[in-house]
Amino acid sequence: MESKQPTATDRVIVAAGQRLTVKVPGTSANLGPGYDSLGLALSIYDTLTVETLTTGELEFELSGEGADTLPRDATHLVVRAIDLALERLGFQHTGLRITADNVNPHGRGLGSSASAVVAAVTAANALVPQEAQRDTQWILQLTSEMEGHPDNVAPAIFGGLALSWQDSEQYSSTRAEVAPAVTPVVAVPDYELSTETARGLLPASVGHHAAAMNSGRAALLIHALTADPGLLLPGTEDYLHQSYRAQAMRPSAELIAALRAAGHAAVVSGAGPTVMILANGSDEAAAAVQFINSFTAANTPDVGWRVMTLAVDVQGARVEVHRR
């Protein structure tokens, strides 16, 4: 029998005077053939500090990415996620002071919205009494519901390489250790692409041959990421989504094609338009950076690119409770 959610009059007031900080990694989903199922945690972090108040007010300080465009009221994704998580836990607050420092670029395919909901739900869970707190599987379920799929939220929660799946309304994920040599390099363009727009370009169905080819590459990719990075180039070959989305991010698609022709395992990061290279070691990562800089200067001079060599985050979301 389905459990009844607490009403507003049933919910307990969360203790005021608490202060905690959640640090959440950015993520890259799909990784080529792992559409809606594979995700990698990256060493680029958003930080969220939440303090409970008694004033009934919302105070919101926002810096970094999105500071000029995002709201600072109850419509902000972080606030909505905190409120929903507390409601599910049977609690409510009497005011919040929120400080968000965003480093993860927005609308670029690096999981910024997933990082926001993971940070918010993790914070809400840590604000309630210990006996009422839930485990990371509960956080995975709620954040996946909010995002619509687990491929970005799972690595943000658990770190490393996340392999995720869905059975009806149940979301699940398991974590795999990435080989130490794997070095992510991202090229972030100065234009955005919404996930909704990118998904809208996909066909309703694909042929059996393409599906079979893609499943083989996805299996190879997991082996390449965890055991044999020398197979990253063939392992990142995709047959499901990247070619259909190319028209919406032509500079990124052209860069990916050139990188792959030069032997680099380049893919669209998430829904794009960021390009990610899964390099086999620091030497290849440096070569990829040099290639990107040369190619973009010659071929996409009107697009600004931010190129970063990152690491695979192995911790996922972490909470620091500030004692008074």
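The paragraphs below lead through a predicted model, from the regions named in its record to its cores, one of its helices and some of its salt bridges.

Two annotated regions offer a way in. UniProt, in an unreviewed entry, lists the feature "domain: GHMP kinase N-terminal" at residues 77-160, and in the model this span is 56% helix and 11% strand, with its end C-alpha atoms 25 Å apart. The record also places "domain: GHMP kinase C-terminal" (unreviewed entry) at residues 238-294, a stretch that is 51% helix and 16% strand and whose end C-alpha atoms are 25 Å apart.

The interior can be approached through a general tendency: in soluble globular proteins, nonpolar side chains tend to be buried together. Here the largest nonpolar core has 41 residues, and those with the most contacts inside it are Leu48, Val50, Val78, Ile82, Ile98, Val121 and Trp138. Strands and helices both build this core, for the elements that give two or more residues to it are the strands E2 (19-30), E3 (34-52), E4 (58-64) and E6, together with the helices H1 (77-89), H2 (112-127), H3 (136-147) and H4 (153-158). Helix H2 gives the most, with 11 residues. Val121, once its neighbours within four places in sequence are left aside, is in contact with Ala81, Ala85, Trp138, Ile139, Leu142 and Thr143. Apart from this core lies another, of 25 residues, among them Leu42, Leu110, Ala176 and Val188.

Helix H10 (residues 282-299) shows how a single helix can be read. At 1.5 Å a residue, its 18 residues should span 26 Å, and the end C-alpha atoms, 25 Å apart, agree with this. The buried residues of H10 are Ala285, Ala288, Val289, Ile292, Phe295 and Thr296. Seen down the axis of H10, these buried residues fall within an arc of 145°, so they line one face of the helix. An α-helix has 3.6 residues a turn, so residues three or four places apart point the same way. On the other side of H10, Asp283, Gln290, Ala297 and Ala298 are exposed, while what covers its buried residues includes strand E9 (182-189), helix H9 (250-261), strand E11 (275-280) and strand E12 (305-309).

Charged side chains add further links, with a count of 8 salt bridges. Glu51, Glu59 and Arg97 are linked in a network of such bridges. Glu51 forms a salt bridge with Arg97, the closest N and O atoms being 2.8 Å apart, and this pair links distant parts of the chain, with Glu51 in strand E3 and Arg97 in strand E6, 46 residues apart. The side chains of Glu59 and Arg97 also meet in a salt bridge, at 2.7 Å from N to O, and here the link runs from strand E4 to strand E6, across 38 residues. Glu51 is buried, with a relative accessible area of 11%, whereas Arg97 is partly exposed at 28% and Glu59 is partly exposed at 29%.

Another salt bridge joins Arg306 and Glu65 (3.2 Å, N to O). Arg306 lies in strand E12 and Glu65 in the loop between E4 and H1, so the pair ties together parts that are 241 residues apart in sequence. Glu65 is also among the contacts of Asn102 beyond its neighbours within four places in sequence, along with Asp46, Leu62, Ser63, Gly64 and Leu70. Asn102 lies in strand E6 (residues 96-102) and is buried, with a relative accessible area of 11%.

Key. Residues are numbered from 1 along each chain as its sequence is written. This is a predicted model: local features need pLDDT of at least 70, side-chain atom pairs count only at pLDDT 80 or more; totals for chains, interfaces and linings use all residues. Side-chain values use heavy atoms; hydrogens and water are left out. Helices (H or I, at least four residues) and strands (E, at least two) are DSSP runs, numbered from the N terminus. Buried means under 20% relative accessible area, exposed over 50%, partly exposed in between (1.4 Å probe, protein chains only). Contact means heavy atoms within 4.5 Å. A nonpolar core is a set of buried Ala, Val, Leu, Ile, Met, Phe, Trp, Tyr and Cys residues joined through side-chain atoms within 4.5 Å. The expected span of a helix is 1.5 Å times one less than its number of residues. The arc is that of the directions from the helix axis to the C-beta atoms. UniProt positions are given in the numbering used here, feature names are shortened, and annotations may be inferred rather than shown by experiment. A salt bridge is a side-chain nitrogen of Lys or Arg within 4 Å of a carboxyl oxygen of Asp or Glu.
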